[in-house]
Amino acid sequence: MAERERRRTPPYGGVFVPRSIVLDAAAVDRAVRRMAHEVVERNQGLDDVVIIGLQTGGVPFADALGAALLQIENVEVPVGRLDVAFYRDDINLRPVLPEASTEVPFDITRKVVVLVDDVLFTGRTIRAALDAIMDQGRPRAIQLAVMVDRGHRELPIRPDYVGKNLPTRRDEAVNATLDGVELGEVTRQV
Amino acid sequence: MRHLLSTEDLSPADLADLLDLTANFAEIQTRDIKKVPALRGKTVVMAFFEDSTRTRTSFDLAARRLSADVVTFSAGSSSVKKGESLRDTVETISAMGVDAIVVRHASSGVPRRLTEWTDAAVINAGDGWHQHPTQALLDCYTIQQRFGSLEGRRIAICGDVNHSRVARSDIDAFTKLGAEVVLVGPRTLLPPSLEGWPVKVEADLDSVLGDLDVVYLLRIQQERLGSALLPSLREYRARYGLTRQRLDRLRPDALVMHPGPMNRGVEIDPEAADDERAVVLDQVAAGVPVRMAVLYRVIGTGQFDLDDDTPGREVAA
């Protein structure tokens with residue numbers, strides 16, 4: 001959950017307090033590389049593959065995945081970024097505002113879009129992202145890569161590439177960055 | 001933000017937030033499908049008690065591109081003609097269950113009055129000589145696009161400031177964002193008192209022209225003609241019009257702005273209107289994303305107090 005959103009969602013002004021480190025930076029890096037190999041394997045190369053990272057948490061992972069693919073296959077895969085705020089289903093339930101800009105400077109029609117996010121939870125962000133992508137063009141396929149799948153899906157959505165399956169309680173929080181993955185909770189600031 | 005009635009209700013931070021949001025909506029205008037489902041199921045009524053083409057069209061497109069349903073209502077073809085009072089008209093419209101009323105009226109203060117008669121969000125699309133907040137926002141956005149920010153920019157607003165709601169909104173918004181504003185025009189067309197206005201006044205356009213970042217020309221309203229306020233168009237053009245000669249003295253990176261519709265040959269010569277420094281069409285283009293931002297903030301997030309980070313408030317989720 002990005003900073004701006006966290007400030008405006010209960011508990012307001014909450015801070016993430018880590019309890020345990022799940023992956024360190026090296027492990028995250030290895031997971032990204034493994035996922036990159038899986039992307040190549042699954043698509044039998046990188047023809048027509050494009051990457052779109054979800055703002056804001058998914059963007060660094062999308063960039064890292066693009067860099068890993070360049071290293072493995074020596075192919076520069078286009079990387080875009082997507083903000084899904086205006087497609088969310090909770091617009092009237094909480095103050096939904098865009099986190100950052102949408103930049104998809106390439107045509108996605110007939111491409112295989114690899115959608116990248118940091119943490120997969122209820123699946124509602126991905127539902128919004130699917131609609132947002134469809135408005136940008138008609139891809140041949142959409143695949144989902146997430147650094148952490150923490151369970152608790154509320155929609156029939158499953159990832160194609162997973163960095164780490166992490167069973168969690170609903171009230172826990174996961175913070176996933178390129179520096180590592182931590183499990184903890186968001187508590188009210190004192 | 002429950003309503004948008006006046007730029008005076010907006011803090012510099014509110015203005016900056018709306019301009020940020022505008023950038024998000026501007027990106028949508030570059031897509032093939034220029035529409036997002038953000039306000040699906042919401043209804044916006046355009047209540048225009050005074051004629052308007054660009055503002056109404058712009059609000060209409062903005063609402064549709066947010067997937068809201070739009071009902072347009074103009075005074076000429078409604079019960080207003082049969083003598084229905086403003087209050088009855090508004091109460092009738094809002095009894096049908098609408099989420100926002102975009103209102104333009106020839107009398108100052110009508111939008112604020114409306115908020116007492118309806119539960120819908122009210123957006124001011126121009127009231128009398130008072131305010132036209134979305135025009136100010138789109139002007140700020142246009143300037144920000146060119147210069148990165150308004151901070152420290154020198155802007156001259158030239159013409160009939162006294163009868164201009166655009167000028168009142170612009171002066172407030174420009175100065176809140178750190179610009180320096182100079183009013184230029186014949187004394188008869190400036191407000192009788194400028195006490196408390198954060199502006200300088202200059203009687204002569206030529207004396208400020210050379211070091212302006214923006215020259216903002218106001219429309220000369222033909223109905224003021226012939227009165228004591230404005231003797232002749234020729235005289236006005238000679239002293240305050242942006243003629244080709246004046247255009248030559250304007251800095252190469254300066255902007256020429258106008259809220260439209262332009263009187264070519266009066267406040268602006270055709271050469272100036274078609275000059276590459278004129279951003280009149282950029283202003284019009286900015287109108288749609290600016291109004292999307294306003295509609296989204298008012299109906300999409302209006303029930304939430306975004307500035308309040310106080311813990312403990314409950315939101316249904």
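## Exercises on a predicted two-chain model

Thr56(A) sits in the loop that runs between β2 (49-54) and α3 of chain A. The model is predicted. Work through the exercises with the structure open.

**Exercise 1. Find the residue that shares a cis peptide bond with Thr56(A), and give omega.**

*Solution.* Start in the loop between β2 (49-54) and α3 of chain A, where Thr56(A) lies. Look at the bond joining Thr56(A) to Gln55(A). That peptide bond is cis. Its omega is about -5 degrees.

**Exercise 2. Describe the peptide bond from Gly260(B) to Pro261(B), and place Pro261(B) in its chain.**

*Solution.* Take the bond first. The Gly260(B) to Pro261(B) bond is cis, and omega is near -10 degrees. Now place the proline. Pro261(B) belongs to the loop between β9 (255-257) and α10 (270-273) of chain B.

**Exercise 3. Gln44(A) is not a glycine; state its phi, and decide whether it is buried or exposed.**

*Solution.* Step one is the backbone. Phi of Gln44(A) is positive, about 50 degrees. Step two is location: Gln44(A) is in the loop between α2 (25-42) and β2 of chain A. Step three is the neighbour count. Gln44(A) has 7 C-beta neighbours inside 10 Å. The cut-off for exposed is 12 or fewer, so Gln44(A) counts as exposed.

**Exercise 4. Repeat the analysis for Arg110(A): what is its phi, and is it buried or exposed?**

*Solution.* Arg110(A), again not a glycine, has a positive phi of about 65 degrees. Its loop lies between β3 (79-82) and β4 (112-120) of chain A. Count the neighbours next. There are 11 C-beta neighbours inside 10 Å, so Arg110(A) counts as exposed.

**Exercise 5. Locate Ile72(A), classify its exposure, and list its contacts beyond four places in sequence.**

*Solution.* Ile72(A) is part of helix α3 (residues 58-73) of chain A. Within 10 Å it has 14 other C-beta atoms. Buried needs 20 or more and exposed needs 12 or fewer, so Ile72(A) is partly exposed. Leave out residues up to four places away in sequence. Ile72(A) then touches Ala36(A), His37(A) and Val40(A). Check one of these pairs: Ile72(A) and His37(A) are 35 residues apart in sequence. Their C-alpha atoms are 7.6 Å apart in space.

**Exercise 6. How do helices α5 and α6 of chain B cross, and which residues make the contact?**

*Solution.* Identify the helices: α5 covers residues 133-147 and α6 covers residues 165-176. Their axes come within 8 Å. The crossing angle is roughly 50 degrees. Therefore α5(B) and α6(B) are oblique to each other. The crossing is right-handed. From α5(B), the contact uses Pro133(B), Gln135(B), Ala136(B), Leu137(B), Asp139(B) and Cys140(B). From α6(B), it uses Val166(B), Ser169(B), Asp170(B), Asp172(B), Ala173(B) and Phe174(B). Sort these contact residues by type: 7 are nonpolar, 2 polar and 3 charged.

**Exercise 7. Compare the radius of gyration of chain B with the value for a compact globule.**

*Solution.* Chain B has 317 residues, so a compact globule would have a radius of gyration near 20 Å. Chain B has 20 Å, which agrees. Add the dimensions: the C-alpha trace spans about 60 × 45 × 40 Å along its principal axes. Chain B contains 11 helices and 9 strands. Of its 317 residues, 44% count as buried. Finally, take the contacts between residues at least 6 apart in sequence. In chain B, 75% of these join residues at least 24 apart.

Note on methods
Residues are numbered from 1 along each chain as its sequence is written. Chains are lettered from A and ligands numbered from 1 in the order in which they are written. This is a predicted model: local features need pLDDT of at least 70, side-chain atom pairs count only at pLDDT 80 or more; totals for chains, interfaces and linings use all residues. Helices (H or I, at least four residues) and strands (E, at least two) are DSSP runs, numbered from the N terminus. The radius of gyration is taken over C-alpha atoms; the globule rule is 2.2 Å times the number of residues to the power 0.38. Two residues are in contact if their C-beta atoms, placed from the backbone, lie within 7 Å. Axes are lines fitted to C-alpha atoms, for helices over the stretch in contact, and angles run from 0 to 180 degrees between N-to-C directions. Angles under 35 degrees count as roughly parallel, over 145 as roughly antiparallel, 65 to 115 as roughly perpendicular and the rest as oblique. A crossing is left-handed if the near helix is turned anticlockwise from the far one by less than a right angle, and right-handed if clockwise. Ala, Val, Leu, Ile, Met, Phe, Trp, Tyr, Cys and Pro count as nonpolar, Asp, Glu, Lys and Arg as charged, and the others, Gly among them, as polar.
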